[in-house]
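Dear colleague,

I am handing over a structure that you have not worked with before, and I would be glad if you looked through it alongside the notes that follow. Please read them with the sequence and the model open.

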Amino acid sequence: MDTEQKEINRELKENIRELTTTDTEQKENIRELKENIRELTTTDTEQKENIRALETRLRDAEQATEQQMISLEELKKKTDETSNLTLSQVEELRQQNRDREIAFSAGLMESGIGNVGPFTTEITLTYRNVHTNIGNAYNPITGVFTAPLRGAYMFRVSVYGFGPTATTADIAKNGERVVIVDADQTQGALNSSNGVVLILEVGDVVYVRLWSGKRIHDSQNNHNTFSGFLLFPLREDELCRM
């Protein structure tokens, strides 16, 4: 009986020991579970924080993109306005430049060969072989250039002939002599040229006059020429300073 009791006691102690061990293991497991839960909670918190940070960055990026789109639209609008303005200005400048494109050059004879002069009175030479007449300010029928706008103009004339009759002509403005071209010798070819810059008002006329008793000779080689062109237009205040 005593032996059985001891065996029972021993089994009880063993069971208690096993239960104690099991309880300890369970406590350890619970502790590990709590640790895992704590870690998961911490991880979840960090993830939530990361998600919030990402959402904030996303909102900032969306706002920046929206602002950029607005800026691009404003820039495009300004560019279109500037482009339209520039095109308008360019067209205006082109029109102004077309109005200022004035130049002519003409030879004396359209064809053939021969002399002009001498005459008993001076005559206006008509240069009929027109090489250039931009702006149509020169009239080949009358030989007269008429200024279409106020400005500074360059004119040049050349004469050619044979002695002993002199070749003398002048550039005249509104009937007044400005410069002359003259060549005189007893025999052989004669030639001379001259030029001048004139300030002209609208409607002023410029032409070349052959002096009385003088003679020029011309051919297909265009020895005698009359040329002119606008250097630049002038405003009223610029003329006043002169």
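**Strand β1 and its sheet**

Strands β1 and β4 are paired in the antiparallel sense, and five bridges join them. Please keep in mind throughout that this is a predicted model. Within that pairing, alanine 106 has valine 130 as its bridge partner in β4. Strand β1, which covers residues 103-107, also pairs with β13, again in the antiparallel sense and over five bridges. Two positions show how β1 and β13 are set against each other: phenylalanine 104 stands opposite glycine 228 in β13, and glycine 107 stands opposite threonine 225 in β13. As for cover, four of the five residues of β1 are buried, so the strand can be described as mostly covered.

These pairings belong to an open sheet of five strands, which run in the order β4-β1-β13-β7-β10 with antiparallel pairing. The edges are taken by β4 (129-134) and β10 (189-200), and because each of them has a single partner strand, one side of each is left without a neighbour in the sheet. On average, and with direction ignored, neighbouring strands of this sheet are turned by 10° against each other. As a general point, the strands of a sheet pair through backbone hydrogen bonds, in either a parallel or an antiparallel manner.

**The protein as a whole**

Taken over its full length, the protein has two helices and 13 strands as its secondary structure. It consists of 242 residues, of which 26% are buried. The surface that the protein exposes comes to about 16,300 Å², and carbon and sulfur atoms supply 52% of that area. Among the contacts with a separation of 6 or more, 72% are between residues 24 or more positions apart.

**Two buried residues**

Isoleucine 171 lies in strand β8, which spans residues 167-173, and it counts as buried because its relative accessibility is 0%, where the limit for buried is under 20%. Leaving out residues up to four places away in sequence, isoleucine 171 touches a number of others, including Phe155, Val157, Val179, Val196 and Tyr207. The C-alpha atoms of isoleucine 171 and threonine 124, which are 47 residues apart along the chain, are separated by 9.8 Å.

Asparagine 224 is placed in the loop between β12 (216-218) and β13 (225-233), and its relative accessible area of 0% means that this residue, too, is buried. What does the side chain of asparagine 224 reach at 2.7 Å? The partner at that distance is the backbone oxygen of histidine 217. When neighbours within four places in sequence are set aside, the residues in contact with asparagine 224 include Ala106, Gly107 and Leu108, as well as Tyr127, Ser158 and Tyr160.

**Salt bridges**

How many salt bridges does a search of the whole structure find? The search finds four, and three of the pairs are described here.

In one of them, arginine 209 is joined to glutamate 122, with the closest N and O atoms 3.3 Å apart. This pair links distant parts of the chain, since arginine 209 belongs to strand β11 (residues 205-210) and glutamate 122 to the loop between β2 (114-116) and β3 (123-124), 87 residues apart. Arginine 209 is buried, with a relative accessible area of 10%, whereas glutamate 122 counts as partly exposed at 37%.

Another pair brings together the side chains of glutamate 201 and arginine 150, at 3.1 Å from N to O. Here, too, distant parts of the chain are linked: glutamate 201 sits in the loop between β10 and β11, and arginine 150 in the loop between β6 (144-146) and β7 (151-162), 51 residues apart. Glutamate 201 is partly exposed, with a relative accessible area of 33%, and arginine 150 counts as partly exposed at 24%.

The side chains of arginine 177 and aspartate 170 also meet in a salt bridge, at 3.1 Å from N to O. In this pair, arginine 177 is partly exposed, with a relative accessible area of 46%, while aspartate 170 counts as buried at 0%. Salt bridges that share partners join Glu122, Asp170, Arg177 and Arg209 into one network.

With kind regards

How values were computed. Residues numbered from 1 in each chain as written. Predicted model: local features only at pLDDT ≥ 70, side-chain atom pairs only at ≥ 80, totals over all residues. Heavy atoms only, no water. Buried < 20%, exposed > 50% of the residue type's maximum accessible area, 1.4 Å probe, protein only. Contact = heavy atoms within 4.5 Å. Polar contact = N/O pair within 3.5 Å; in protein donor to acceptor, adjacent residues only side chain to side chain. Areas by Shrake-Rupley, 256 points an atom, 1.4 Å probe, with all protein chains shown as cover. Pairing = 2+ DSSP bridges. Axes fitted to C-alpha atoms, helices over the stretch in contact; angles between N-to-C directions.
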